[in-house]
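Visitor: I have a structure to read and would like to go through it feature by feature. Where should we begin?

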Amino acid sequence: MAGNGVFLLKTAFADGAYKLTIVFTHDVNYLQVKKIQFQQLRNFLRVMLAIIPVAIAIGSMVALFLWLLNLAIHFRFGHKWLLYLLPLAGALIHIIYQSVGKSSEKGNNLLIDEIHQPGGGIPKRMAPIILLTTIITHLFGGSAGREGTAVQMGGSIAAMFGRWFKRDAQQMKILLIAGIAAGFGAVFGTPLTGAIFAIEVLTIGSMEYKSFFPALLASIIADITVSAWGIHHTAYHIDIIKQMPYLLSAYLPFDMLLILKVILAAVIFGLVSYLFAIAVHQIKSVFLKLFKIRWLIPIAGGLIIIAITFLLGKPDYLSLGIDAEYPGAITIPSAFHTGGADLWSWLWKTIYTTITLGTGFKGGEVTPLFYIGATLGNTLAGLLNTPVSLFAALGFIAVFAGATNTPIACTFMGIELFGSEHALLFAIACFTAYLCSGHTAIYSSQRKMHGETTKRPGRYLHLKLYKYKVDLKKNKL
């Protein structure tokens, strides 16, 4: 084992006799490598041991959040006048962040920045502040989600435990990723998706696989903890699809015509993802220019939401969009059935959510993206003569994939939520939507492989159009 071991075996023949000689060696490089491997294993085990209490704490907080969120939404159902206090609720949220939560105001982007480049750290107060302000948003009818709250609580709790356990920068990074995974996986009941999302969302087109197992462990434990507290998630179902014969059905093991329709729908899903990401950033920018007094921004946003609801004459696009406020209301579950969405439901939810988030209310973007995708899928199913529940499911995950640049995570989300029967279609829809969204992102701190962020979501399309313009000029010459 010379060069790789601690001893060397030599054999020789002397006077016809066999001699065995053992020569001990000291391979310094070999010992150093083994020492480094031992340190890495020790550090890994320390992180894994820390993840268990972190994940249990995150799961418990997510369970509390989901319970409070359900109470707030149903309380508003029974007290419709609360919507008219939405502007004051927005002003209150602004005051809370300006007084005690200013260091937490960047939300998910703060977590992503801290993972990429450790600096100021994650404040402990982020978890209770985002929990409180999200409940306020939904109690008064703001159209927002819940993943942002769960992810921020997960990151804040993970950072707090990391400081308690005195973890170094690399271990803290893994803990933060695990915290994001735990929060995401627990709030939706999708532990595998949570783990993949936590490492895929950081950098477009690049994933750090060494963080996957800690993230998966944290996500599983947090999800189990939520279930142990008696909190259950909404179940979705895709109806059985009958195989319809067509020209090439005898020669292909899959329905090529259906795949072509999925691709066409996914292109539209991607464009809607792009529209959503652009709208959130642009609304925020426009309101910042219009109002020099910042607390007027959420008041204006709340008044707009009230006015639109009054004009539409129904509250379907307020809040989360999962539970029905009245029989026949348009919700995510209703979108899985024929007639369960209006032609422009996806657009109205886009308007509601982008105004809510763009004017300073808190929550998240993902559940509204589910709503937008499911209702758009419902509409496209009618236009393309395809199964409604299947296309609602495809829109559910594909619009999310395009808006967050996480097609792998969203493909697995489809499998976890709807089963593996249509896994191929899930992948086609998610990756097509991702490609058509132009690398826009609802998370402005998300980076590309070469280090740039996605802070200017419209820049991609601008550069493409400029390139074609230059090419046309050259051809004319």
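Visitor: How many of the 20 residues of H6 are buried?

Guide: The model is a predicted one. A residue counts as buried when its relative accessible area is under 20%. In H6, 18 of the 20 residues meet that condition, so the helix is largely enclosed by the rest of the structure.

Visitor: What span should the 20 residues of H6 have, and what span do they have?

Guide: The check takes 1.5 Å times one less than the number of residues. For H6 this gives 28 Å, and the end C-alpha atoms are 29 Å apart, which agrees. The residue following H6 is Gly189, with a positive phi near 70°.

Visitor: At what angle do H3 and H6 pack?

Guide: Angles over 145 degrees count as roughly antiparallel. Helix H3, residues 108-116, and helix H6, residues 169-188, pack at about 150°, and their axes are 9 Å apart. The two are therefore roughly antiparallel to each other. The crossing in which H3 passes H6 is left-handed.

Visitor: Which residues of H3 and H6 meet?

Guide: From H3 there are Leu111, Glu114 and Ile115; from H6, Lys173, Leu176, Ile177 and Ile180.

Visitor: Leu176 turns up in that list. With which residues is Ala158 in contact, leaving aside its neighbours within four places in sequence?

Guide: They are Val54, Met172, Leu175, Leu176 and Gly179. Ala158 itself sits in helix H5, residues 147-164.

Visitor: Is Ala158 buried or exposed?

Guide: Ala158 has a relative accessible area of 0%, so it is buried. A sequence separation can also be set beside a distance in space. Ala158 and Ala55 are 103 residues apart in sequence, while their C-alpha atoms are 8.2 Å apart.

Visitor: What can be said of Gly162 in the same terms?

Guide: Gly162 is found in helix H5. Its relative accessible area is 0%, so it is buried. Between Gly162 and Ile51 there are 9.5 Å from C-alpha to C-alpha, with a sequence separation of 111 residues. Setting aside neighbours within four places in sequence, the contacts of Gly162 are Arg167, Met172 and Leu175.

Visitor: What share of the contacts in the chain with a separation of 6 or more comes from residues 24 or more positions apart?

Guide: That share is 74%. As for burial across the chain, 53% of its 477 residues are buried. The accessible surface comes to about 22600 Å², and carbon and sulfur atoms hold 67% of that. The chain has 16 helices and four strands.

Visitor: Which residues of H2 are buried?

Guide: Leu86, Pro87, Ala89, Gly90, Ala91, Ile93, His94, Ile96 and Tyr97. Their cover includes helix H4 (126-139) and helix H10 (296-312). H2 runs over residues 86-99, 14 residues in total, and reaches 20 Å from its first C-alpha to its last, close to the expected 20 Å.

Visitor: How do H11 and H12 pack?

Guide: The reading goes as it did for the earlier pair. H11 and helix H12, residues 366-384, pack at about 165°, with axes 8 Å apart. They are therefore roughly antiparallel to each other. H11 passes H12 in a left-handed crossing. On the H11 side the contact is made by Ser345, Trp346, Lys349, Thr350 and Thr353, and on the H12 side by Pro368, Tyr371, Ile372, Thr375 and Leu376.

Visitor: What sign does phi have in most residues other than glycine?

Guide: Most such residues have a negative phi, so a positive value is a thing to look up. Ser319 is not a glycine, yet has a positive phi of about 55°. Ser319 lies in the loop between H10 and helix H11 (345-358). At 2% relative accessibility, Ser319 counts as buried.

Visitor: Where is Asn405, and what is its phi?

Guide: Asn405 is in the loop between helix H13 (388-404) and helix H14 (407-418). Its phi is positive, about 60°, although Asn405 is not a glycine. With a relative accessibility of 2%, Asn405 counts as buried.

Notes: Residues numbered from 1 in each chain as written. Predicted model: local features only at pLDDT ≥ 70, side-chain atom pairs only at ≥ 80, totals over all residues. Heavy atoms only, no water. Buried < 20%, exposed > 50% of the residue type's maximum accessible area, 1.4 Å probe, protein only. Contact = heavy atoms within 4.5 Å. Areas by Shrake-Rupley, 256 points an atom, 1.4 Å probe, with all protein chains shown as cover. Axes fitted to C-alpha atoms, helices over the stretch in contact; angles between N-to-C directions. Parallel < 35°, antiparallel > 145°, perpendicular 65-115°, else oblique. Left-handed = near helix turned anticlockwise from the far one by under 90°.
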